[in-house]
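Please open the structure in your viewer and keep a selection panel at hand. The tour moves from strands to helices and then to single residues.

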Amino acid sequence: DFFMDKKWNYGTKVFVKDGRKKPWLARLNLGYDSNGYPITHILDSFEDELDCILCLRQYSNSPYDIYIDKNKYHKITTFVDLPSKVLIKENYKVEENILINYTFKEVYEEYSKLYFPTEDEILLEKKTHTKTQGKLSADTMYVRKAAFKKSKSLYDIPYKNLRTLDFQQVINTTKGSTKTLIRLRYLFEELDELAEQKDIINKGYARYVKIDNIDSPQKARIPFSDTEVHKIWSDVPTNDEEILVKDIILILLYTGLRIDELLNALNKNVLLDLNYFITGSKTESGKNRIIPIHHLIKPIIKKYFNVNNEFLINYNGTNLEYPKYRIMFNKYMNKLNMQHTSHDARHSVVTELDNKNANLKCRNLILGHKSKNIGDEVYNKKTLQDLINTIELIKYDRTIKKNVKLVNNVLIYDDFIKNA
């Protein structure tokens with residue numbers, strides 16, 4: 001079992017058979033006495049083994065100082081090599097008093113130290129599409145940071161004084177979608193949990209926060225219309241940012257990629273001569289999948305392909321981050337008088353392939369969807385050419401563009417003709 005494997009560096013899980021309510025102990029070896037016997041410390045006790053394992057992992061990933069009483073401390077003649085200090089408990093009272101008076105902002109700062117990935121971990125996540133164990137994903141970190149910025153009215157309030165009404169007032173006065181409000185509550189609940197763990201509070205109140213219309217259906221995704229796709233092809237950008245955004249949108253419209261999958265695509269995984277590249281994220285079915293290159297966007301892929309760059313899409317000499325791209329995308333949509341999200345391009349591909357009666361297995365492989373038919377997964381193998389044939393079904397209004405030219409770093413498409 002995954003959870004039974006040893007996935008931490010310090011401590012041991014111990015099961016005590018004495019009828020206690022919390023029989024699983026997360027035990028840490030501090031050192032040895034003069035007779036060579038180990039001196040241990042219990043980090044915490046749990047009802048479930050999994051919670052015990054998570055406690056040991058948390059200590060291993062984000063070590064914190066250990067406080068023990070004076071007598072136990074002086075029994076230790078040889079300390080083991082731990083990633084944190086072992087201190088006498090008398091000093092803990094000073095630390096405890098400081099923690100009790102932590103403000104909302106200070107609890108958030110502790111939370112960020114524990115759970116936000118470092119810059120190196122973010123880069124590793126982009127390469128492997130796997131977040132660091134014990135940390136939030138980079139995307140979730142940005143979401144939590146945005147939620148924190150919306151909570152300024154709570155910054156200087158001692159956390160122990162916060163009640164449901166305080167959190168509710170932030171929710172009620174925040175302008176945004178239901179998703180934005182849910183993300184705010186997520187942050188509050190996670191800070192409550194940390195504050196309880198550190199004995200800053202005895203009870204959390206964020207879980208009692210109410211969000212109106214939380215069960216209302218999400219706004220429907222609206223695919224790009226054929227006319228809008230034609231308009232994007234025909235647009236002549238006025239600056240480098242518009243060129244980049246236009247090219248990215250077109251790649252998305254002819255691959256079905258999620259925006260983060262494209263922004264994290266690596267040049268080493270682009271095989272132009274074989275008409276495909278490898279990228280993908282989010283699910284096991286979506287990771288590291290083959291993306292066939294439609295002939296209409298091959299000139300775009302070729303334009304950005306550069307073996308000297310790590311990422312396919314570069315912006316000012318580095319990879320383009322999604323927050324920056326979103327701003328650029330929204331500006332470009334305003335210019336074209338369109339109302340879309342980047343994800344609408346993915347829905348456009350789904351709709352187009354569905355309208356063309358594309359092979360379901362090929363469509364799932366391209367989009368990174370898991371087939372619900374087990375037999376289809378096992379027996380129905382598809383070749384690269386099958387995937388290329390499927391992606392070439394995308395035409396949008398059956399309009400063929402030919403005479404693709406690169407003029408002043410701008411792709412010009414003329415001679416639009418209808419394939420009746």
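What follows is a series of selections, each with a description of what is found there.

The model is predicted, so local features are taken at pLDDT of at least 70 and side-chain atom pairs at pLDDT 80 or more, while totals for chains, interfaces and linings use all residues. Residues are numbered from 1 along each chain as its sequence is written, and side-chain values use heavy atoms, with hydrogens and water left out.

**Stop 1: the strands around E2**

Select residues 24-32, which make up strand E2, where helices (H or I, at least four residues) and strands (E, at least two) are DSSP runs numbered from the N terminus. Two strands are taken to pair if DSSP finds at least two bridges between them. Strand E1 (residues 12-15) is joined to E2 by four bridges, and the two run antiparallel; one place to look is lysine 13, whose bridge partner in E2 is alanine 26.

Next add strand E3 (residues 38-46), which runs antiparallel to E2 and is joined to it by eight bridges. Tryptophan 24 has phenylalanine 46 in E3 as its bridge partner. E2 and E3 form a hairpin with five residues between them, and in the turn glycine 36 has a positive phi of about 90°. Then add strand E5 (residues 78-79), joined to E2 by two bridges in an antiparallel arrangement, with tyrosine 32 standing opposite threonine 78 in E5.

**Stop 2: the sheet E7-E8-E9**

Now select the three strands of an open sheet, whose order is E7-E8-E9 and whose pairing is antiparallel. Its edge strands are E7 (270-271) and E9 (289-292), each of which pairs on one side only. Four bridges join strand E8 (residues 276-279) to E9, and within this pair phenylalanine 277 stands opposite isoleucine 291 in E9. Adding helix H17 (residues 384-391) shows a helix that lies across E8 and E9, running at about 50° to E9.

**Stop 3: helix H6 and its two partners**

Two packed helices are described by the angle between their axes and the distance between the axes. Here axes are lines fitted to C-alpha atoms, for helices over the stretch in contact, and angles run from 0 to 180 degrees between N-to-C directions.

Select helix H4 (residues 104-115) together with helix H6 (residues 138-149), which pack at an angle of about 170° with their axes 12 Å apart. That angle makes H4 roughly antiparallel to H6, since angles under 35 degrees count as roughly parallel, over 145 as roughly antiparallel, 65 to 115 as roughly perpendicular and the rest as oblique. With contact meaning heavy atoms within 4.5 Å, Phe104, Lys105, Tyr108 and Tyr111 in H4 meet Arg144, Lys145 and Phe148 in H6. The residues of this contact divide into four nonpolar, no polar and three charged, where Ala, Val, Leu, Ile, Met, Phe, Trp, Tyr, Cys and Pro count as nonpolar, Asp, Glu, Lys and Arg as charged, and the others, Gly among them, as polar.

Keep H6 selected and bring in helix H8 (residues 178-197), which packs against H6 at an angle of about 90°, with the axes 9 Å apart. H6 is therefore roughly perpendicular to H8. On the H6 side, Val143, Arg144, Ala147 and Phe148 meet Arg183, Leu184, Tyr186, Leu187 and Glu190 in H8, and the residues of this contact divide into six nonpolar, no polar and three charged.

**Stop 4: cysteines**

How many disulfides does the structure hold? There are zero disulfides, a disulfide being a pair of cysteine sulfur atoms within 2.5 Å. Select cysteine 52 and cysteine 55: the sulfur of cysteine 52 has its closest cysteine sulfur in cysteine 55, at 6.6 Å, which is too far for a bond. Cysteine 52 is buried at a relative accessible area of 0%, where buried means under 20%, exposed over 50% and partly exposed in between (1.4 Å probe, protein chains only). Cysteine 362 is likewise buried, at 2% relative accessibility.

**Stop 5: residues in loops**

Select tyrosine 254, in the loop between helix H10 (240-253) and helix H11 (259-263); at 0% relative accessibility, tyrosine 254 is buried. The C-alpha atoms of tyrosine 254 and leucine 296 are separated by 8.2 Å, although the two residues are 42 residues apart along the chain.

Finish with asparagine 337, in the loop between helix H13 (322-336) and helix H14 (344-355). Its phi is near 60°, a positive value in a residue other than glycine, and asparagine 337 is exposed, with a relative accessible area of 70%. Asparagine 357 lies in the loop between H14 and helix H15 (360-367), has a positive phi near 55°, and is exposed at 68% relative accessibility.
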